[in-house]
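User: I'd like to go through how the parts of this protein meet, and on what grounds each statement is made. Could you take me through it?

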Amino acid sequence: MSIELTLNETVLEEGEATRWSAVTCLSLLTFLLVGLEFLPVSLLTPIASDLSVSEGQAGLAITVSGVFAVITSLFGNALLTKIDRKMVVLLYTAVLAASSLAVALAPNFLVFLIGRVLVGISIGGFWSLSTAILARLASSRDLPKAIALLQGGTALALVLAAPLGSFLGGSIGWRDTFLITVPIGIAGLVWQLVVLPKMPATSTVSVARIFGLLRNRTFAIGMAATGLAFIGQNALSIYLRPFLEGVTGLDLNVLSMVLLGLGVGGLAGTSVIGFVARRRLLLVLVGLPAALAILALLLIALGPFAAATASLLVLWGFFSTPIPVAWNTWMAAVVPGELEAAGGLQVALIQLAIAGGAFAGGLLFDIAGWWSTFLLAACLLTGSAILAAVAGRRV
């Protein structure tokens, strides 16, 4: 399956090499985005204590960023539609650095939440543009590898955010943990100024145009498959810790090692997905959710056995983390001239799917038990594989 891009989606001259320095620079941005999105998870207790709120209220740090990521993915880039995309990326990076500063210096919970709103704006804004920007930095042949490199920053953040946040929070405090990300964000901003080329706006993005893409039946089926994959994946992933503690019987130290293994598996999966997706995209689109469905069923059967469960979770990371790479690559092939609008819809869908997976999984976990959450994940992921087979064949 080849990926062909329209002329207005690229800034590369004929025969010009992919701008890997720019892609690597943006990978740092994704590392910061995802790391800061989930950093409060490991710091909820000290945050709640310092700001005089409950841990449940402190958990709004995740909810608020997700809500504003959805809003920005749908409306933000429509407001910035005529601005050079380099300037837009610089803007979102500056907002991200400002968010860390606001959170670190927050005198009360309201200012803290405002800082988290800024994180959500950066997340929704950049991710909705990411595939379109990569299509203008990488050649058609290199685009899957560029997407994989960008997602590598995400995978690394998912591995490091929780353990590093917990360690730094205990060593220097939660405020300084956020504060040290400010100079990293500023350094990223300077790097972007140097390596990113000018990328003049080439199309007008509007909410009507975003949702109008759903009239494309192949695209609509692919988005449905993407949604099912993320709902199913997160219905299980979010509740891994109580499963590992209550069913597998792991203590905190072993549990941390198992979760680290899951993250390392994700890094491995992301490192190879770009090569495979370039040649066998249909196989990847169908195979990833199908493999996860099988793993969910095996976890139900083998959950009490620590060694088997740990091995299965490494595979879970290997097959789950590359899913965004696969669907972004597919999107570039299906709607090559509408990547900004398609990216906005995709990011909103993924954020809603994460929330939906957390809600549905938690409801079943409490009512019927952990196994029902894992079974739900298997069913949804199977549905995703079936729809992916339909969407992938029509490219």
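User: How many Å apart do the C-alpha centres of domain 1 and domain 2 lie?

Analyst: Happy to help! In this predicted model, the C-alpha centres of the two domains are 21 Å apart.

User: What makes 17-202 and 205-394 domains?

Analyst: They are called domains because an automatic or database assignment sets the bounds; for this chain the assignment gives domain 1 as 17-202 and domain 2 as 205-394.

User: Which numbers of residues does the contact take from each domain?

Analyst: Domain 1 gives 30 residues and domain 2 gives 32. They count as contact residues because heavy atoms lie within 4.5 Å.

User: What area is buried between domain 1 and domain 2, and which atoms give 71% of that area?

Analyst: About 2500 Å² is buried, with carbon and sulfur atoms giving 71% of that area. On the domain 1 side, L74, P144 and V159 supply 21% of what that domain buries against domain 2, more than any other three residues.

User: How many salt bridges and polar contacts are counted between the domains?

Analyst: The salt bridge count is zero, so no Lys or Arg side-chain nitrogen is counted within 4 Å of an Asp or Glu carboxyl oxygen across the two domains. Three residue pairs are in polar contact, both residues at pLDDT 80 or more.

User: Which helix gives the largest share of the domain 1 side, and what classes does that side hold?

Analyst: α4 (60-79), α6 (109-137) and α7 (143-172) each supply at least two residues, and α7 has the largest share with 10 residues. By class, that side of domain 1 has 17 nonpolar, eight polar and five charged residues.

Methods:
Residues are numbered from 1 along each chain as its sequence is written. This is a predicted model: local features need pLDDT of at least 70, side-chain atom pairs count only at pLDDT 80 or more; totals for chains, interfaces and linings use all residues. Side-chain values use heavy atoms; hydrogens and water are left out. Buried area is the accessible area (1.4 Å probe) that two parts lose on being put together, summed over both. A polar contact is a pair of N or O atoms within 3.5 Å; within protein, one must be able to donate a hydrogen and the other to accept it, and residues adjacent in sequence count only if both atoms are side-chain atoms. Helices (H or I, at least four residues) and strands (E, at least two) are DSSP runs, numbered from the N terminus. Ala, Val, Leu, Ile, Met, Phe, Trp, Tyr, Cys and Pro count as nonpolar, Asp, Glu, Lys and Arg as charged, and the others, Gly among them, as polar.
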